[in-house]
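These are my notebook entries on one protein model. I looked up its strands, its confidence values, its cysteines and its charged pairs.

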Amino acid sequence: MIAAAAENGCAGVLFDTFDKSAGGLFAHLSPGELANLVAECRERDPSLLVAVAGGLTLADVPQATAIRPDVIAIRTAACVRGDRAGIVTSGAVARFRDAIRAPA
């Protein structure tokens with residue numbers, strides 16, 4: 001996938017989960033595995049944007065930021081009562097923003 005993205009002029013690569021009921025991103029990839037994938041993206045094409053998503057929670061932010069993606073994407077965690085079809089709340093988004101900006 002990474003090679004195809006780099007060779008075909010894609011703007012970026014998204015590491016996400018397909019089935020949220022099977023767990024979040026870190027249930028499927030260890031931080032080390034994900035860091036290796038991000039490094040491979042950077043090596044193949046330094047201009048590729050790298051985004052991580054997939055059931056991320058506030059508890060996942062330190063692991064996600066340590067990997068240094070360009071984008072950390074959330075949806076369910078930003079919504080009222082964790083309902084992915086619900087309304088996005090500014091408070092939830094602010095908590096993630098603050099956690100992402102917090103010193104390591």
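**Entry 1: the sheet**

I began with the pairing of β1 and β2, which are joined in the parallel sense over four bridges. I noted one partnership in particular: phenylalanine 15 has valine 52 of β2 as its bridge partner. I then followed valine 52 to β3, where its bridge partner is isoleucine 72. Strand β2, residues 49-52, is joined to β3 by two bridges, and these two strands run parallel.

How many strands form the sheet, and in what order? I found three strands in an open sheet, ordered β1-β2-β3, with parallel pairing. The edge strands are β1 (12-15) and β3 (71-72), each of which pairs on one side only.

**Entry 2: the faces of β1**

I recalled that side chains in a regular strand alternate between the two faces of the sheet. I looked for this pattern in β1 and recorded that Val13 and Phe15 point to one face and are buried. Gly12 and Leu14 point to the other face and are not buried.

**Entry 3: confidence**

I record here that the model is predicted. The mean pLDDT of the protein chain is 93, and 100% of its residues reach 70 or more. Which elements have the lowest and the highest mean pLDDT? Helix α5 (residues 90-101) has the lowest, at 94, and β2 has the highest, at 98. I kept in mind that coordinates should not be read in detail where pLDDT is low.

**Entry 4: alanine 6**

I located alanine 6 in helix α1, residues 2-7. Its C-alpha atom is separated by 5.8 Å from that of aspartate 45, although the two residues are 39 apart along the chain. Leaving aside residues up to four places away in sequence, I found that alanine 6 touches Arg44, Asp45 and Leu48.

**Entry 5: cysteines**

I searched for disulfides, which are covalent bonds between the sulfur atoms of two cysteines. The count came to zero, with sulfur atoms required to lie within 2.5 Å. Cysteine 41 is in no disulfide, and the nearest cysteine sulfur, that of cysteine 10, is 11 Å away.

Is cysteine 41 buried or exposed? I entered cysteine 41 as buried, because its relative accessibility is 1%. Cysteine 79 also counts as buried, because its relative accessibility is 6%.

**Entry 6: salt bridges**

I noted that side chains of opposite charge can pair when their charged atoms come close. My search of the whole structure gave four salt bridges, and I describe some of them below.

Arginine 44 forms a salt bridge with glutamate 40, and the closest N and O atoms are 3.3 Å apart. Both residues lie in helix α3 (residues 31-44), four residues apart, which is about one turn of the helix. I classed arginine 44 as partly exposed at 45% relative accessibility, and glutamate 40 as partly exposed at 29%.

Arginine 42 meets aspartate 70 in a salt bridge at 3.0 Å, N to O. This pair links distant parts of the chain: arginine 42 is in helix α3, and aspartate 70 is in the loop between α4 (61-67) and β3, 28 residues apart. Arginine 42 is partly exposed, because its relative accessibility is 27%. Aspartate 70 is partly exposed, with a relative accessible area of 41%.

Arginine 97 forms a salt bridge with aspartate 98, with 3.1 Å between the closest N and O atoms. I recorded arginine 97 as partly exposed at 38%, and aspartate 98 as partly exposed at 42%.

Definitions and conventions:
Residues numbered from 1 in each chain as written. Predicted model: local features only at pLDDT ≥ 70, side-chain atom pairs only at ≥ 80, totals over all residues. Heavy atoms only, no water. Pairing = 2+ DSSP bridges. pLDDT = per-residue confidence, 0-100. Buried < 20%, exposed > 50% of the residue type's maximum accessible area, 1.4 Å probe, protein only. Contact = heavy atoms within 4.5 Å. Salt bridge = Lys/Arg side-chain N within 4 Å of Asp/Glu carboxyl O.
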